[in-house]
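The paragraphs that follow lead through the structure shown here, taking up its pockets, one of its helices and a few single residues in turn.

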Amino acid sequence: MERKNHLILFSAIIFLLLSGPNGNSQNRDSLFFECYTTTRMDKWKQTMKQMAREREKGNYQQLFDVTLAWYGYIGYCLGNDREDEAEEYLESGWDFLEDLLEMPEADAAPYAIKSGFYGFEMALARYKTLILGPKSVSALKKAAEIDSTNVHYLVEKGNQMYYMPSLLGGDKAVALHHYKHAIEKMEKEETPYHRHHWFYINTLITLGLSYEKTDQIEMARETYLKIRRIAPQFKWLNEDVWPKFVEKYGK
């Protein structure tokens, strides 16, 4: 009987561990990955709102996860002609981000995300570029001062160099360097962003696009095929990026 009780207790402990914060985080990662790759984003929106409601005050990681979920959803809205919704969530996203930046644990990542939020603002209102552009650059410089190897800094620096016009200093080769470094860090498991995390696969496809834009066609092909192995259901790749690539360069 004592042995049986010990087994029951052990099983209960394992259950609690798996259903605790790490288990919830893994479940959310899987859900966000599925939403991102299939573009069925209703569950993403529901889940991020639930995360915001249930987060513990003063818990940096929970607030960071909420802010990153907002960041991903706003990017989705902007990429799918849902500017009004993007503007709505950007307003609340700023509130989360400002709270995050005030916490003592704040590292390079939230400053990099701040640069990205300014990028979202400029995408919604191009006339604000002269005002917000320097603010975006300043936030990214702050992130670099804290840690220029932080994966969020690397991705945002890549975004800055990729989307900025060359006349203003944009350089897709420099963008490629930063995306590649970010992917290397993720694949070495130096970050929470494993191969079935939406942030990883989003960075990987942008790396592929950067290879293509810099005429490294075989590296682009290799990257796209890698994505197809990891996420065969990835709608953006399957219905847009890959068909255009095959039409231009062949399989």
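The model is predicted, and a convenient place to enter it is the lining of the second largest pocket, whose residues divide by class into 11 nonpolar, seven polar and seven charged. This pocket has a volume of about 500 Å³, and of the 25 residues that line it, Gln61, Phe64, Asp65, Pro192 and Tyr193 lie nearest its centre. Helices H2, H4 and H8 each contribute at least two residues to this lining, with H4 giving the most, namely six residues.

The largest pocket encloses about 1500 Å³ of space. It is lined by 42 residues, and those closest to its centre are Gly119, Phe120, Ala123, Asn159 and Tyr163. The elements that each give two or more residues to this lining are H2 (21–38), H4 (60–79), H6 (108–124), H7 (129–147), H8 (151–163) and H10 (198–213). Among these helices, H7 provides the largest share of the lining, seven residues. By class, the lining of the largest pocket comprises 24 nonpolar, 16 polar and two charged residues.

Helix H8, which gives residues to the lining of the largest pocket and also to that of the second largest, contains His152. Is this histidine, His152, buried or exposed? His152 counts as buried because its relative accessibility is 4%, which falls under the 20% cut-off for that class. Leaving aside neighbours within four places in sequence, His152 is in contact with Phe64, Leu68, Ala109, Ala112, Ile113, Tyr193 and Phe199. Two of these contact partners, Phe64 and Tyr193, are also listed among the residues that lie nearest the centre of the second largest pocket.

The next element to follow is helix H9, which runs over residues 172–187 and has 16 residues. From its first C-alpha to its last, H9 reaches 22 Å, close to the 22 Å expected at 1.5 Å a residue. At the N-terminal end, H9 is capped by Asp171, a side-chain oxygen of which lies 2.9 Å from the backbone nitrogen of Ala173. The buried residues of H9 are Ala175, Leu176, His178, Tyr179, Ala182, Ile183, Lys185 and Met186, and what covers them includes H8 and H10. Beyond the helix, H9 is followed by Glu189, whose phi is positive, near 60°.

The sign of phi leads on to two loop residues. Most residues other than glycine have a negative phi. Asp81, although it is not a glycine, has a positive phi of about 55°, and its place is in the loop between H4 and H5 (83–101). Asp81 counts as exposed because its relative accessibility is 66%, a value over the 50% cut-off for exposure.

Asp215 likewise is a residue other than glycine with a positive phi, near 65°. This aspartate, Asp215, is found in the loop between H10 and H11 (217–230). With a relative accessible area of 61%, Asp215 is exposed, whereas His152, at 4%, is buried.

Definitions and conventions. Residues numbered from 1 in each chain as written. Predicted model: local features only at pLDDT ≥ 70, side-chain atom pairs only at ≥ 80, totals over all residues. Heavy atoms only, no water. 1 Å grid on protein atoms, 1.4 Å probe; cavity = no way out; pocket = protein on both sides within 12 Å on 5 of 7 lines; lining within 4 Å. Points joined across faces, edges and corners; volume = space filled by probe spheres on them. Helix = DSSP H or I, 4+ residues; strand = E, 2+ residues; numbered from the N terminus. Nonpolar A, V, L, I, M, F, W, Y, C, P; charged D, E, K, R; others polar. Expected span 1.5 Å × (residues − 1). Buried < 20%, exposed > 50% of the residue type's maximum accessible area, 1.4 Å probe, protein only. Contact = heavy atoms within 4.5 Å. Polar contact = N/O pair within 3.5 Å; in protein donor to acceptor, adjacent residues only side chain to side chain.
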